[in-house]
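Colleague: Could you take me through one helix of this model closely, and then show me how some of the other helices are arranged? I would like the cut-offs as you go.

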Amino acid sequence: MPLRQSGARAVLFGVHSYQHLSDLPGVSHNVPALRDLLLSDAVGGFAGEHCAAIRANSSPSTVLDAVQDAADCATDLLLIYYAGHGHFGRDGKSLLLGTEASRRDRPHHSIPYDEIRAIVARSRARHRVVIVDCCFSGVALHMDGQQSSDHGPDFDITGACVLTSSSETEQSLCLPDGSLFTRELVLLLRDGLSGELSDGRRGEHCSLLTMADIYEGLCRRLKSRSIEGRRVPEPRMSTRDSGHRIPLTANRAHTSLTASARDGADKDPVPVPVPVPPNMVHTAYAATRYFTGRDAQLEALDLMSSQTAAVCVVHGRGGQGKTELLRAAAGRIARHFTGGCLEIDLRGWTPGEQPRDPHIVVAEQLHHLGYSPESISTDLTARTETWRMFLTQHAVLLLLDNARNSEQLAPLLPPAGSPSMALISSRSMLPDLNAHWRYELPPLPVEDCVTVWHKMGIPANTVGLGEIADRIYGSPLALGPVGMPLSRGASPGAVLALLSSPDRSTAFPTVEAAERAAFTMAYNALPLDVRTLIHHCAWHPGPNFGPDSLAAMSQRPEYEVEVRLTEIEQLLIRKNGRYSFHDLSLTYARQTALHNASGDEERSSRNRLYGHLHSELRKARIALRTNAAASDVGSRRAREWLDAHAQELQAAAHAAHEDNWVPTSAFLDTLAVSLRLDDRYIESRELFQSLLDNTSPGSVHHANALYGMGEVDRMQGMYEEATASYEKALTIYLGIGNELGQGHATYSLGHAHRAQGRYEQAADTYTKALVIYKAIGNKLGQANVTRGLGYVHREQGRYEEAASAYADALLICEQLGDRFGQANATRGLGHTHRARGQLGEAAAAFDDALRIYRELGNRRGEAHATRGLGQVYQALASYGEAVTAYTDALTIYRDIGSRLGQAHARHGLGEIHQAQGRHDEAVTAYTDALTIYRDIGSRLGQAHAIHGLSEIHRTAGRYEEAIGGFTSARDLYAEMGIADCAASCQRVLGELSGAH
């Protein structure tokens, strides 16, 4: 249905290049791509002269004039679009849209969003749509400049819709090929919307895309995604006077409902994929298109979905189709569960594997749900409570597949009264589990087996299929292997003969024997090279694999393996481009490989797999390392690869240990380090512990594991534990003469001392590490240690020494081409300049460091530099900009799980609140910071926070509390050797004593 937007006007403005802010190259693609679609008769239907693309270097007045002209002329639809930098005005609340000349300290170079709001509000256009793709764009949802009420945003534009890329506190993401939000918007308009929608409609039956449809489509595309470890913000939308019904474009995926019904009248219904409503995390798979029958069970599960905290169990022998039934049920009832639909394979009955540890499963699920590492406790009880709280706060549908027993399930189940529901499959009936519904799944009826074969392409008039179904006892597992030769033209008589017992006159005595015969028949019908490929599939340690791993095992090109796998898909399970066997099929495949290949072939195949995975893992680790000059794309790909291969890697590492593969310890260490760099601390800790349990106490691998455990503890703020691990590792390194290990352990010990405010010990330890690194000629180590010494000198008020140390570190890093090190040293210089009152030099240094961190995709560094800029703005009394910077830094620290960083950012916000006289808010911020500082043992942080609280007590006339606080702060500063701060506290105490 083509649109004719004769009374419509659009203004599109995107800024990708800036004079004073960081560039956003991807934005340059936004406006051309969006305008092309709006001008297309098949999509937008705008006339070229009515869709204005404003030049990226335009001034605010030019843009506002264009918006005014469009608002004056539009009678039907008025569309305003902006992409670029967003920042706050001087009040710290109003949204400013960046132009090429924008500067944070000169807001008049930016476009006040309030001006756009006012112009749009006065337009006579029947429909008004504003789309804002920038950081903090959610501010635009409050279009009267006020915070939203309990009933939603209250803005004074009627018949309107405002769509934003993020909330008012989140930063949007930009990629080289376009800002992420707009890129997905363009793809949605280009391809159209299909599939089941949250209100029961199907997208392909909608001829037009309303703003509500577009919002739902964007939420589906962006929900629960992450880019380089950063969670993608969820789109936000506000409407008024049916603004959600505004039609924006035609739907390119539209098909006639009548035609669809007519075309499908003679076909078996295809299972509907599980719907993905807005605000929903979805990891469950749809039932395959071959799913048939089980109507009574589906109806029963549908009824159970209305019960709170329902626990439903489907049990029975393997291969009966339990998982498929649960997925089909999810396809019917997931719409009731707005919090998500999560499928988890517990591997309770997988041959050769231990059932999954439910506490590790909880950690993985929380990680994928976007919980920060600090929120995923190492305490099992606390971790389980976090999970249960999630299930209580959100209506979640859980598919807990292949459960072993009730003990494994206990930590995963929704608590009583929860709006969530658990669908469980198991070979056990789980008698100890308090289930609300329990059902033993029988074989498929003959008629349903025949229907499945028809869906595989076997002609409907084929005679004898019912007899074959009887011969395999209605086993769903055998349907695929039997269907393979039938679909290739084998006669039912021939298949029956192959499925007969050895005397060729009777059926097999058990269903297991029939399934094994079906698998063997399908295997024998394959070409030799494909049969060999099945051997490699069987030898893979699981739980799933991709074509890349199978290519390494079989020594064939990956593209060839990918094609060959399509020939045996009826024997495998395929999910998102990765493959696995059903548990029973895996047993049959392993037995087949055992009889048709040698043990040497199996060992060689698996060794090639271990080598391949270890090699690819090393590449991912390099890209993830914080000191690697990895591009955004490289880091993103590394995280995606690690996420897709994580379970395979852990299974392979365990198998490599069982196979006595020589480099196993290095493999485990690389995997543990990679998971740590991906902020997956729980899994990383488990692997380091496994290394400690399986390596000789005096070996280098044992020392490496201790060092790795220390790094995990330090990243989580557990400094005492980290110190103990570093010291143990150092003892081993000294005993075996490993000087590089000695240098690393000593350097990290210095970090731990420094984080706890033990500056004299830190300086001494850093100096020892510097001597080691110089002795072995490790320039990078020298740069890192010198920078650490600069930090200690700076905190002790020895600014000349600090500046000299940072400059030395910067020089070494420039010589090495270490851009991450350059950024760190430059940031250190920024802090030193700020402490000396050289605010211009400090801002320039922080900007330089921030630019490098962003180019490297290093979020931790980005947060540090952003916080440094906040401190500069604070010193300049530019409090709105300071709040923005501290809030940005706090958001990143939360995402990456840096508790120390969060405490620093909260402390900075406390100082801003205090300076503005908002003492209650300041007390809250200081107290939050102090709590974290105490938890992680940061004495300097405690001193600073106590000092801030004491200042507020003094201002409020609470002299006793102030004296106690300043006394505590003074003593902490004195213990750390920070004489000037201790003296300052003493002066205040003298004043208070006199006044009191």
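Modeller: Happy to! Let's begin at a helix end: just after α31, Gly-837 has a positive phi of about 85°. Helices here are DSSP runs of H or I with at least four residues, numbered from the N terminus. The model is predicted, with local features requiring pLDDT of at least 70 and side-chain atom pairs pLDDT 80 or more, while totals for chains, interfaces and linings use all residues. Residues are numbered from 1 along each chain as its sequence is written, and side-chain values use heavy atoms, leaving out hydrogens and water.

At the N-terminal end of α31, Asp-818 acts as the cap, with a side-chain oxygen 3.3 Å from the backbone nitrogen of Phe-820. Between these two ends, the 17 residues of α31 (residues 819-835) should span 24 Å at 1.5 Å a residue, and the end C-alpha atoms are indeed 24 Å apart; the expected span is 1.5 Å times one less than the number of residues. The helix is mostly covered, with 14 of its 17 residues buried (under 20% relative accessible area; exposed is over 50% and partly exposed in between, with a 1.4 Å probe and protein chains only).

Gln-822 sits in α31 and is buried, at a relative accessible area of 17%. Leaving aside neighbours within four places in sequence, Gln-822 is in contact (heavy atoms within 4.5 Å) with Leu-810, Cys-813, Glu-814 and Gly-817.

Helix α37 (residues 939-955) also makes a nice study: its 17 residues reach 24 Å from first C-alpha to last, close to the 24 Å expected. In α37, 12 of the 17 residues are buried, so the helix is largely enclosed by the rest of the structure. Among those buried are Leu-940, His-947 and Ile-952. Just after α37, Gly-957 takes a positive phi of about 80°.

Now for packing. Helix α25 (residues 700-715) meets helix α26 (residues 719-736) at an angle of about 160°, with axes 8 Å apart; axes are lines fitted to C-alpha atoms over the stretch in contact, and angles run from 0 to 180 degrees between N-to-C directions. That makes α25 roughly antiparallel to α26 (over 145 degrees). Residues making the contact include Leu-706 and Tyr-707 of α25, and Tyr-726 and Ile-732 of α26.

Helix α21 (residues 599-624) and helix α23 (residues 664-677) pack at about 35°, with axes 9 Å apart. Their contact includes Leu-613 and Leu-617 of α21, and Phe-667 and Leu-671 of α23.

Key. Polar contact = N/O pair within 3.5 Å; in protein donor to acceptor, adjacent residues only side chain to side chain. Parallel < 35°, antiparallel > 145°, perpendicular 65-115°, else oblique.
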